[in-house]
Amino acid sequence: MKVLLGEGMARKYGDTIRKLGYEVIGYDEKNPNEIEDYGEDILIGAINLENMNYKNHKNLKYIFLTSVGIDFLDLNYIREKEIILSNNNGAYDDPIAEWIVYGLLQIDKEDRKNIENQNKKIWKKRSFSHNLYGKKALFMGTGTIAIAGAKRLRGFDMELNGFNTSGRKVEPFDNVYSIEELDEILPHMDYIIMCLPGTEKTHHILNKERFEKLKEGVVIVNISRGATIDENALVDAIKSGKIRGAALDVFEEEPLSKSSPLWEMENVYIYPHISFSCEDLGKRQFDTAYQNLKALKNDGDFKNIVDFDKGY
């Protein structure tokens, strides 16, 4: 069987894949359609596949993603062609959880002011800063990333709340609320942390109406999918003071337009979709795909096969 993946990953992991008995094909990520059909059985990649005409690849049977998100693919086509799709759910829990803590602390400790004063060599004491302890956080989503984030925030003596569709209880959250309870509990939360997948049901789940329900001075962190938040409504809520600060790693359109007002907002921290970044990124990117390559050879269980009905 033939495995197709970007040239960089092919150079790094090609021998490992060949030892499993596969033929390895590397493609130029800057020109992914240089060849109309590579003849591969298995395609490995992430958002770079958005620019590939994989529908022309007639022999394609498996797509093993190195990303958690899948919304850049034509899922209807993949489902229709009965292509087995896996994502990399769970691979980036640890680094993203750290970015969640980082974002909250940046906002609460007014990090931009600290850096600006340091750059200007200004010694200016402040007797007030916000605190995490004693506050209520709501994780929108209770998947593996949210769980990892909640575990790290446990040491800050916060009330940790989760949200999922059914209200199904999940450790280590103190409480988990359902979709029917969401609007009722939103006004009580000090921090909203977006950890939802990008699906039709989660599109703009934080919208103008829900921003109006939030507590004055709430903080928003989004490390999930940009489309889970209505960005125009977010801008308005920040301008009005309803939202005290936001740490944003994802946006409705990426790269974020230079005309976006978010760039100029003092209490907004913008990350260019890098919350997955870490020292051992390469291993985390490749491990699930490697496990599935081994499973395919040994008739074992595949890992992280996407449920098309759920959208993740």
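## Gln106 in helix H3

Gln106 sits in helix H3, which covers residues 93–108. The model described here is predicted. Is Gln106 buried or exposed? Gln106 is buried, because its relative accessibility is 7% and the cut-off for buried is under 20%.

Gln106 also has contacts beyond its sequence neighbours. With residues up to four places away left out, Gln106 touches Asp111, Tyr269 and Tyr271.

## The seven-stranded sheet

Seven strands form an open sheet. Their order is S8-S7-S6-S9-S10-S11-S12, and the pairing is parallel. Strand S8 (175–177) and strand S12 (268–270) are the edges, each pairing on one side only. From one strand to the next, the twist averages 15 degrees.

One pairing within the sheet joins strand S9 (residues 191–194) to strand S10 (residues 218–222). This pairing is parallel and runs over four bridges. Tyr191 stands opposite Val219 of S10.

## Helix H5 and Ala148

Helix H5 spans residues 144–153 and contains Ala148. H5 lies across three strands of the model: S6 (136–140), S7 (159–163) and S9. Relative to S6, H5 runs at about 165 degrees.

Why does Ala148 count as buried? Its relative accessible area is 8%, and buried means under 20%. Setting aside neighbours within four places in sequence, Ala148 contacts Asp93 and Ala97. Helix H3 covers residues 93–108, so both of these partners fall in the H3 range.

Asp230 gives a distance for scale. Ala148 and Asp230 are 82 residues apart along the chain, and their C-alpha atoms are separated by 25 Å.

Note on methods:
Residues are numbered from 1 along each chain as its sequence is written. This is a predicted model: local features need pLDDT of at least 70, side-chain atom pairs count only at pLDDT 80 or more; totals for chains, interfaces and linings use all residues. Side-chain values use heavy atoms; hydrogens and water are left out. Helices (H or I, at least four residues) and strands (E, at least two) are DSSP runs, numbered from the N terminus. Buried means under 20% relative accessible area, exposed over 50%, partly exposed in between (1.4 Å probe, protein chains only). Contact means heavy atoms within 4.5 Å. Two strands pair if DSSP finds at least two bridges between them. Axes are lines fitted to C-alpha atoms, for helices over the stretch in contact, and angles run from 0 to 180 degrees between N-to-C directions.
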